[in-house]
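Hi everyone, thanks for coming. Today I'd like to walk you through one structure, so please have a look at it with me.

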Amino acid sequence: MLAAVARFCLRQYPAARRVLVFCGKGNNGGDGFVAARVLAARAWALRAAAGREHEVKGEAAASARALRAEAPTVAITPILDEAALAAASDAIASAELLIDAVWALASSRH
């Protein structure tokens, strides 16, 4: 199930090769790290952007470690503030696909 994002990208965007994955520190970020690892294994050019790596916990941290071990060419760039985001603008502009693994829509219950 965790590789569902990567499978979706492979199916819907087969020509994309330059991918930027924004990873949060929770479960969504973990899914992003898994997607990055799977896509990197298929020779897609990947970059990942995350917050403070020491704040990533649980399964997300394990996924980040697996990405570093299995795909060491994937750069994980910390995005900690607006200045860092501005510095990443070239990577954003050149990406053919952006994956948001930071936010999830929460359903409201009445």
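I'll talk about the cysteines and then about empty space inside the protein.

A quick word on the source: this is a predicted model, where local features need pLDDT of at least 70, side-chain atom pairs count only at pLDDT 80 or more, and totals for chains, interfaces and linings use all residues. Residues are numbered from 1 along each chain as its sequence is written, and side-chain values use heavy atoms, with hydrogens and water left out.

How many disulfides does the structure hold? Zero, where a disulfide is a pair of cysteine sulfur atoms within 2.5 Å. Cys9 is in no disulfide, and its nearest cysteine sulfur, that of Cys23, is 12 Å away. Cys23 is likewise in no disulfide.

Are these two cysteines buried or exposed? Cys9 counts as buried because its relative accessibility is 4% (buried means under 20% relative accessible area, exposed over 50%, partly exposed in between, with a 1.4 Å probe and protein chains only). Cys23 is buried as well, at 3%.

Now to the empty space. A search of the whole structure finds one cavity of 30 Å³ or more; a cavity is a set of points on a 1 Å grid over the protein atoms alone where a 1.4 Å probe fits but cannot get out, and lining residues have an atom within 4 Å of a point. The volume of the largest cavity is about 30 Å³, meaning the space filled by probe spheres set on the points.

Who lines the largest cavity? Leu20, Arg47, Ala48, Ala49, Thr77, Ala88 and Ala91 do.

Notes. On a 1 Å grid over the protein atoms alone, a cavity is a set of points where a 1.4 Å probe fits but cannot get out, and a pocket is an open set with protein on both sides within 12 Å along at least five of seven lines; lining residues have an atom within 4 Å of a point.
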